[in-house]
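Visitor: I should like to go through the terms applied to this structure and learn on what grounds each one is used. May we look at it together?

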Amino acid sequence: MNEEDKFGYDLIKPTSFYSAEHEKTKLNWFCYEIALSFEFEIQRKLGEKLKRYKIYEKDIADFSIYLAKLMKGIVLQQLSGEIETVYYSYEMVESYFPRLSGRMVDKMLDAIAKAWDEQLSVCGICPTRCLSEKGVYCTMFDEGPYGDKNE
């Protein structure tokens, strides 16, 4: 794997979070950003250890996309009042990486929790308001360094 593929921005694309123009919502942008956060934190904390399980950068990025999409449903449940708090479970990791030890799954969950908390702290001060305006069209899919024009 070449050096530039080692970072989430190269492995995780905004296009992973929509398939049609109407899906370019702020909630899907949040999912893109949380996937980048998951990938960064998992790679930073556990990347070398995961290689022992034959889990590499691309696998971590793919898992981060999977997890962000899974978390979208949980976020929607919380926003609608169906559940009180957002959760992440052992099964989320184990179902994707069934060969991981229990201890490594715990470490993955710690990294996921840290990435989640850090992302939400940024969201709290961000003027875009992805969660409170979840269904609004998000122009960031079309602009800047992450937009479709650079795909």
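**Terms and their grounds**

Guide: T128 counts as buried, for its relative accessibility is 18%. This is a predicted model, in which local features need pLDDT of at least 70 and side-chain atom pairs count only at pLDDT 80 or more, while totals for chains, interfaces and linings use all residues. Residues are numbered from 1 along each chain as its sequence is written, and side-chain values use heavy atoms, with hydrogens and water left out.

Visitor: What makes T128 count as buried?

Guide: Buried means under 20% relative accessible area, exposed means over 50%, and partly exposed lies in between, with a 1.4 Å probe and protein chains only. T128 has 18%, and therefore it is buried. T128 is found in the segment after α5. Leaving aside residues up to four places away in sequence, T128 touches K26, E133 and M140, where contact means heavy atoms within 4.5 Å.

Visitor: Why is R129 counted as partly exposed?

Guide: R129 has a relative accessibility of 46%, which falls between the two limits, so R129 is partly exposed. R129 also lies in the segment after α5. Although R129 is not a glycine, its phi is positive, at about 55°.

Visitor: On what grounds is K54 called exposed?

Guide: The value for K54 is 61%, over the limit of 50%, and K54 is therefore exposed. K54 sits in the loop between α2 and α3. K54 has a positive phi of about 60° and is not a glycine.

Visitor: Why are α2 and α3 described as oblique to each other?

Guide: Helix α2 (residues 26–51) and helix α3 (residues 57–79) pack at an angle of about 140°, with their axes 7 Å apart. Helices here are DSSP runs of H or I with at least four residues, numbered from the N terminus. Axes are lines fitted to C-alpha atoms over the stretch in contact, and angles run from 0 to 180 degrees between N-to-C directions. Angles under 35 degrees count as roughly parallel, over 145 as roughly antiparallel, 65 to 115 as roughly perpendicular and the rest as oblique. An angle of about 140° falls in the last class, so α2 and α3 are oblique.

Visitor: What makes α2 oblique to α5?

Guide: Helix α5 (residues 102–123) packs with α2 at an angle of about 140°, the axes being 9 Å apart. By the limits already given, α2 is therefore oblique to α5. The contact of α2 with α5 has 14 nonpolar, two polar and eight charged residues. In that count Ala, Val, Leu, Ile, Met, Phe, Trp, Tyr, Cys and Pro are nonpolar, Asp, Glu, Lys and Arg are charged, and the others, Gly among them, are polar. The residues of α2 in this contact include F30, I34 and F38, and those of α5 include M108, I112 and W116.

Visitor: How do you know that the pair of Y88 and W116 is edge-to-face?

Guide: By the ring rule the count comes to 11 aromatic pairs. For Y88 and W116 the ring centres are 6.5 Å apart and the planes stand at 65°, so the pair is edge-to-face. Rings of Phe, Tyr and Trp (its six-membered ring) pair if their centres lie within 6.5 Å, and planes under 30 degrees apart count as stacked, over 60 as edge-to-face and the rest as tilted. Y88 is in the loop between α3 and α4 (90–96), W116 is in helix α5, and they are 28 residues apart.

Visitor: Which of the terms for accessibility applies to W116, and which to Y88?

Guide: W116 has a relative accessible area of 5% and is therefore buried. Y88, at 23%, is partly exposed.

Note on methods. Helices (H or I, at least four residues) and strands (E, at least two) are DSSP runs, numbered from the N terminus.
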